[in-house]
Each structure stands twice: as structure tokens, then as C-alpha cells.
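Reader: I am in my first year and would like to look closely at one part of this protein, slowly and with the reasoning spelled out. Could you take me through it?

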Amino acid sequence: MEAATFTWCDLSTFRPSVTKPFYSTLFGWRSDGAEDYDYAHVGDHQIAALFVMPQKLRDIGMPSFWMSYASVQDVSATTAKARDLGGKIELEDQTYALIRDPLGAGFTVHDGLRPPARAGHGTRAGHGYFCSDLSMVEEFYQALFGWQFTKYPAGHTKILTAQGTHVASAQELPDETRGKEQYWTVQFAVTSLPKAIAKAREAGALEVMETNLPEGPAALVFDPDNAAFFLTEVRT
């Protein structure tokens, strides 16, 4: 059983010439400038990567999206177990696999280690899970990764490893609030949510919706290619 935690994220985008400037303006990211897999940095630290939507993802109808990556020791064994537990394998390779849980929320497992989330504006602050009924996937993640689900008031749930390491927060939301999909999301830290919201709109965000997450005040943002992510106000 894997003691998996999320260690990375990347963006599959249709128009990197539009989305890269958007995130650079919003977060101050510095780009490597690579055409195939372009790393974004805050200072000397790799935060995320952006790349052109591959044809194999276009072929299965994927929209532009942020992907959460969980590091595991054995991708093949984890993938096989996910399939046995009712997960759907969208893509599979020796080093990574894109998996959908029984509710359809997608995440990727990979065999590489990435820099941990860091504090500060524009850094990866964490990951969240939004669904209609958490009870339908708890056993899946418990059996696959050994994750524990601890419920709090107002529909919030903390996801922890068996050792007590924080993995993510989860929240049950009705369809009219969440949308028709179930999904994992990436949260990026900002030092001032109002300023970040204003900058996101100026930079070309398609939509911004303010909310509150267990981690603090937040806003759901859709970038110019309609990929969703959260701004989360984090005090540093």
C-alpha cells in the first residue's frame, strides 16, 4: 500500500502563448521557455509545468486542465490496484498513469519525486477534492493509498496519510455549486486574495468565484483556456 502524497502539478493547455503570460502576470512565474514541457519557477524553485495538450488527450476529449500528481513507488502495481478497485485508467506508461476514481475524478500517479510545496505568493499551496458524495470514493483511496478521511463541520474533510501527513482537503458540494464533474484541483498561494482576484481579472481570467476553503479565503479561477484552479490566501 502506497503512502502517497501530492508532489507536483502541471497544466495541459491548448494555447500556451496565452496562458503562460496569464500565469506570469498573476503569479510572477519565470518560464524556462521550453516548447515541450515548460517549467515555471518562483525564484529558484520549480512550482509547476505547462505544456501543449497532447493529441492523445485531445482524442479522449480532455479540456484544458490542471493535473495533480501523487508520487508512488511502483506505478504499474498502483495502476493495477486502482483498476481492481474500480478506477478507470485513461493513460498508462512505465513512469506515470492517469487514473479516474469511481466518481470520475482524475489524478496522476508517477514514480518521480518533485520539490515539496513551498510558502509564498504563486507557489503550490495544496490540493483539494470536490465531489457529490465522498463516501463513494473513501474506500477506493483508503485501499489504494492508505489515506484516512477525517470529517469536520460544514462538509469539510481532511485527507491524511496513515502517518498523519496532510494530503488534501475534500468537500461535498451539490451539482449546482460544483458543476457536473467531480474533480481534484490545485491551490496556489497568494498573500492578498483581493489583489490576486483583481490581477486575475485584468490578466484575462474567464471567471472568478470567491469562496472559503478549509485552508482559508479562496477564489476559483478559470484561466483564458478555461482551466480551473484556486487562489488561496496564505499568511507567510
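Reader: Which residue is the bridge partner of Glu-92 in strand 7?

Author: The model is a predicted one, and in it the bridge partner of Glu-92 in strand 7 is Ala-97. That pair belongs to a wider connection, since strand 6 and strand 7, the latter made of residues 96-100, run antiparallel and are joined by four bridges. As a general point, the strands of a sheet pair through backbone hydrogen bonds, and they may do so in a parallel or an antiparallel way.

Stepping back to the whole sheet, we find eight strands in the order 2-3-4-1-5-8-7-6, forming an open sheet with mixed pairing. Strand 2 (30-31) and strand 6 (88-92) stand at its edges, and because each has a single partner strand, one side of each is left without a neighbour in the sheet.

Moving inward from that edge, we come to helix 4, residues 138-145, which lies across strand 7 and strand 8 (106-110) and runs at about 5° to strand 8. These elements also meet in the largest nonpolar core, which has 28 residues, and the members that touch the most others are Phe-107, Tyr-129, Tyr-141, Phe-145, Trp-147 and Trp-184. Two or more residues of this core come from each of helix 3 (75-84), strand 7, strand 8, strand 9 (124-131), helix 4 and strand 12 (166-172). Helix 4 gives the largest share, four residues. In soluble globular proteins, nonpolar side chains tend to be buried together.

Trp-184 shows how such a residue is surrounded, for when its neighbours within four places in sequence are left aside, its contacts include Phe-107, Tyr-129, Tyr-141 and Trp-147, and also Phe-6, Ser-68 and Asp-101. Another core, of 26 residues, lies apart from this one, and among its members are Phe-22, Ala-48, Val-186 and Val-208.

For a contrast with these nonpolar residues, consider His-156, which is placed in strand 11, residues 156-160. His-156 counts as buried because its relative accessibility is 18%, and buried means under 20%. The side chain of His-156 is joined to that of Gln-171 by a polar contact of 3.4 Å. Beyond its neighbours within four places in sequence, His-156 is in contact with residues including Thr-150, Lys-151 and Asn-212.

How values were computed. Residues are numbered from 1 along each chain as its sequence is written. This is a predicted model: local features need pLDDT of at least 70, side-chain atom pairs count only at pLDDT 80 or more; totals for chains, interfaces and linings use all residues. Side-chain values use heavy atoms; hydrogens and water are left out. Two strands pair if DSSP finds at least two bridges between them. Contact means heavy atoms within 4.5 Å. Axes are lines fitted to C-alpha atoms, for helices over the stretch in contact, and angles run from 0 to 180 degrees between N-to-C directions. Buried means under 20% relative accessible area, exposed over 50%, partly exposed in between (1.4 Å probe, protein chains only). A polar contact is a pair of N or O atoms within 3.5 Å; within protein, one must be able to donate a hydrogen and the other to accept it, and residues adjacent in sequence count only if both atoms are side-chain atoms. A nonpolar core is a set of buried Ala, Val, Leu, Ile, Met, Phe, Trp, Tyr and Cys residues joined through side-chain atoms within 4.5 Å.
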